[in-house]
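Reader: Hi, I'm in my first year and I'd like a close look at one part of this protein. Could you take me through how its helices pack against one another?

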Amino acid sequence: MTSHPTRWTEVLRPAPRPDCRLVVFPHAGSCASRYRELVSDLPEEVETIGVSLPGRDRRAGERPHTTLAAAVAAISTELHAFPPRSTVFYGHSLGALLALATAHVSPCNGVVASCSMPGTRGHPDPARVSSPEGVAEIFALHKLPGDALEAPGLSPPQRALAHDLALTAESLRAVDHLRLAVPLTALAGTDDPLIDPGVLPLWAAFTSGRFRGRRVDGGHFFPFAPFGRSVVVDELRALIATARSGSGAPPLPDRLPIGPVRS
């Protein structure tokens with residue numbers, strides 16, 4: 001495996017005359033390229049940047065492991081290198097937690113989150129979330145063995161998914177204290193077998209800015225179905241318009257580090 005990790009971000013869709021930027025944070029086990037079709041309906045002035053975790057797609061030669069602190073530090077460093085412009089984050093499932101944590105330390109004008117748990121507050125037993133038993137339960141929901149991080153015989157996609165799910169468990173606890181000051185839109189699938197749509201209002205605690213919650217017909221991957229995709233695009237368009245107008249302009253990020261989770 002390579003000892004020289006590639007970049008965490010890439011341009012998914014360039015814009016000839018960009019006036020706004022969308023940063024896409026994919027779900028567990030996935031990669032940025034999966035979202036190219038979803039963002040293709042956005043205005044051509046929106047430059048789209050995708051985030052890729054190690055172990056898949058163009059980073060397939062890397063070990064599929066990271067921590068939330070390492071991911072946020074690397075992603076935010078790369079985003080700061082892009083030319084400044086109004087920016088909206090979109091994250092799905094695990095990606096929503098990564099988007100929230102990155103928005104805490106990197107300039108962002110708004111966040112759209114879909115099909116994600118609002119930290120541990122949405123879990124019936126918050127203390128159990130990041131315990132070995134809790135992680136094993138998350139693995140089981142995705143049809144992985146309880147020892148998936150070490151189990152032999154898993155395919156590379158299964159291995160990447162296992163590490164991403166462990167990152168999800170870590171992130172659920174780490175984001176609990178975060179509170180943004182920008183618009184936040186949270187979307188939930190009405191038939192999502194992984195995330196109870198009833199926890200949707202709890203996302204409001206993550207911002208002092210405007211909050212919008214919306215239930216959408218479909219399951220955990222509704223953004224990839226035609227109707228769900230149109231909903232996500234509509235919500236992104238609305239938040240992008242707010243960012244362009246300046247009414248969603250963020251204060252300077254406090255740059256507090258996302259440190260290790262402590263019990």
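Author: Here is a walk through the helix packing, with a little background before it. What you see is a predicted model, where local features need pLDDT of at least 70, side-chain atom pairs count only at pLDDT 80 or more, and totals for chains, interfaces and linings use all residues. Residues are numbered from 1 along each chain as its sequence is written, and side-chain values use heavy atoms, with hydrogens and water left out.

Let's start with confidence. pLDDT is the predictor's confidence in each residue, from 0 to 100. Its mean for the protein is 90, and 92% of the residues reach 70 or more. Over residues 248-263, though, pLDDT stays under 50. Where pLDDT is low, the predicted coordinates should not be read in detail.

Now the overall layout. The protein has six helices and seven strands, where helices (H or I, at least four residues) and strands (E, at least two) are DSSP runs, numbered from the N terminus. Their order from the N terminus is β-β-α-β-α-β-α-β-α-α-β-β-α. The C-alpha atoms fill a box of roughly 50 × 40 × 40 Å along the principal axes.

On to the helices themselves. Two packed helices are described by the angle between their axes and the distance between the axes. The axes are lines fitted to C-alpha atoms, for helices over the stretch in contact, and angles run from 0 to 180 degrees between N-to-C directions.

Take α2 (residues 68-80) and α3 (residues 94-103): they pack at about 65 degrees, with axes 9 Å apart. Their crossing is right-handed (the near helix is turned clockwise from the far one by less than a right angle; anticlockwise would be left-handed). On the α2 side, the contact (heavy atoms within 4.5 Å) is made by Leu 68, Val 72, Ile 75, Ser 76 and Leu 79, and α3 brings Leu 98, Ala 101 and Thr 102. By class, that is six nonpolar, two polar and no charged residues. Here Ala, Val, Leu, Ile, Met, Phe, Trp, Tyr, Cys and Pro count as nonpolar, Asp, Glu, Lys and Arg as charged, and the others, Gly among them, as polar.

Next, α3 also packs on α5, at about 45 degrees and with axes 10 Å apart. That is why the two are called oblique to each other (under 35 degrees is roughly parallel, over 145 roughly antiparallel, 65 to 115 roughly perpendicular, and the rest oblique). This crossing is left-handed. Leu 94, Leu 97 and Leu 98 of α3 meet Asp 164, Leu 167, Thr 168, Ser 171 and Leu 172 of α5. They divide into five nonpolar, two polar and one charged.

Finally, α5 (residues 156-174) has α4 (residues 132-141) as a partner too, with axes that come within 10 Å and cross at roughly 130 degrees. So α4 and α5 are oblique to each other, and α4 passes α5 in a right-handed crossing. Val 135, Ile 138 and Phe 139 of α4 touch Ala 162, Leu 165, Ala 166 and Ala 169 of α5. This contact has seven nonpolar, no polar and no charged residues. In the loop between α4 and α5 you'll find Gly 146. Neighbours within four places in sequence aside, Gly 146 is in contact with Ala 136 and Phe 139.
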